[in-house]
Amino acid sequence: MLAVAGLLAIGTVAAMAQDAFTPPATPEEAVTQRQALMREDGGILRQAGNLTGAEAVAALTKLRDNYSHIPALFPEGSIVGESEALPAIWENFDAFTAITEVGVAAAESGIAAAEAGDAAAYAAALQTIGGTCGQCHQQFRS
């Protein structure tokens, strides 16, 4: 439970500081930032199904913000170090960003559902977000 509270606290602070996002300056920084973001998103998604109310809103707000930053975390030429990114990302960047846009829209839908107390719509939004993770990883991750 403390881990969930910590994630939500981080998400709340990050949501307030959404404009504080700084795109990576180097390919190495891009890899580090995107790996951290993906780990964070996975942790949030594992817990989000158990959340309601303000906690659910905070979780999906963080996911929405993270998804909106994904394209900036994949500058061309950032397959370095321990990157699992495939060249297909840049060969099909429109398809790649379309997946992130679906994630942003689903998170926004989930935020509205959580605010309204609509558990079914909230669960559907989480399922859509999880689906985008799998879709992206299948197409664009080694």
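Helices are taken here as DSSP runs of at least four residues, numbered from the N terminus. On this basis, in the predicted model, helix 5 is followed by Gly117, whose phi is positive, near 75 degrees.

The protein chain contains six helices and zero strands, and its pattern along the sequence reads α-α-α-α-α-α. Of the 142 residues in the protein chain, 38% are buried. The accessible surface of the chain comes to about 7500 Å², and carbon and sulfur atoms account for 58% of that surface. Among contacts between residues at least 6 apart in sequence, 76% join residues at least 24 apart.

Helix 3 comprises 17 residues, from 53 to 69. At 1.5 Å a residue, a span of 24 Å is expected for helix 3, and the distance of 25 Å between its end C-alpha atoms agrees with this value. Because 12 of the 17 residues of helix 3 are buried, this helix is largely enclosed by the rest of the structure. The buried residues of helix 3 include Ala56, Val57, Leu60, Leu63, Tyr67 and His69, and Lys62 and Asp65 are also among them.

Helix 5 comprises 24 residues, from 93 to 116. Its expected span at 1.5 Å a residue is 34 Å, and its end C-alpha atoms lie 35 Å apart, which agrees. Among the buried residues of helix 5 are Phe96, Ile99, Gly103, Val104, Gly110 and Ile111. The cover over the buried residues of helix 5 includes helix 3, helix 4 (88–91) and helix 6 (119–140).

Two residues of the loop between helix 3 and helix 4 were examined individually, namely Ser78 and Leu86. Ser78 has a relative accessibility of 0% and therefore counts as buried, the limit for this class being under 20%. The side chain of Ser78 reaches the backbone oxygen of Pro75 at 2.7 Å. Leaving aside residues up to four places away in sequence, Ser78 touches Pro27, Ala30, Val31, Arg34, Leu73, Ser83 and Trp90.

Leu86, by contrast, has a relative accessible area of 27% and is therefore partly exposed, a class that lies between 20% and 50%. With residues up to four places away in sequence again left out, Leu86 touches Ile79, Gln139, Phe140, Arg141 and Ser142. Leu86 and Gln139 are 53 residues apart in sequence, and their C-alpha atoms are 8.3 Å apart in space.

Terms used: Residues are numbered from 1 along each chain as its sequence is written. This is a predicted model: local features need pLDDT of at least 70, side-chain atom pairs count only at pLDDT 80 or more; totals for chains, interfaces and linings use all residues. Side-chain values use heavy atoms; hydrogens and water are left out. The expected span of a helix is 1.5 Å times one less than its number of residues. Buried means under 20% relative accessible area, exposed over 50%, partly exposed in between (1.4 Å probe, protein chains only). Contact means heavy atoms within 4.5 Å. A polar contact is a pair of N or O atoms within 3.5 Å; within protein, one must be able to donate a hydrogen and the other to accept it, and residues adjacent in sequence count only if both atoms are side-chain atoms. Accessible areas come from the Shrake-Rupley method with a 1.4 Å probe; for residues, only the protein chains shown count as cover.
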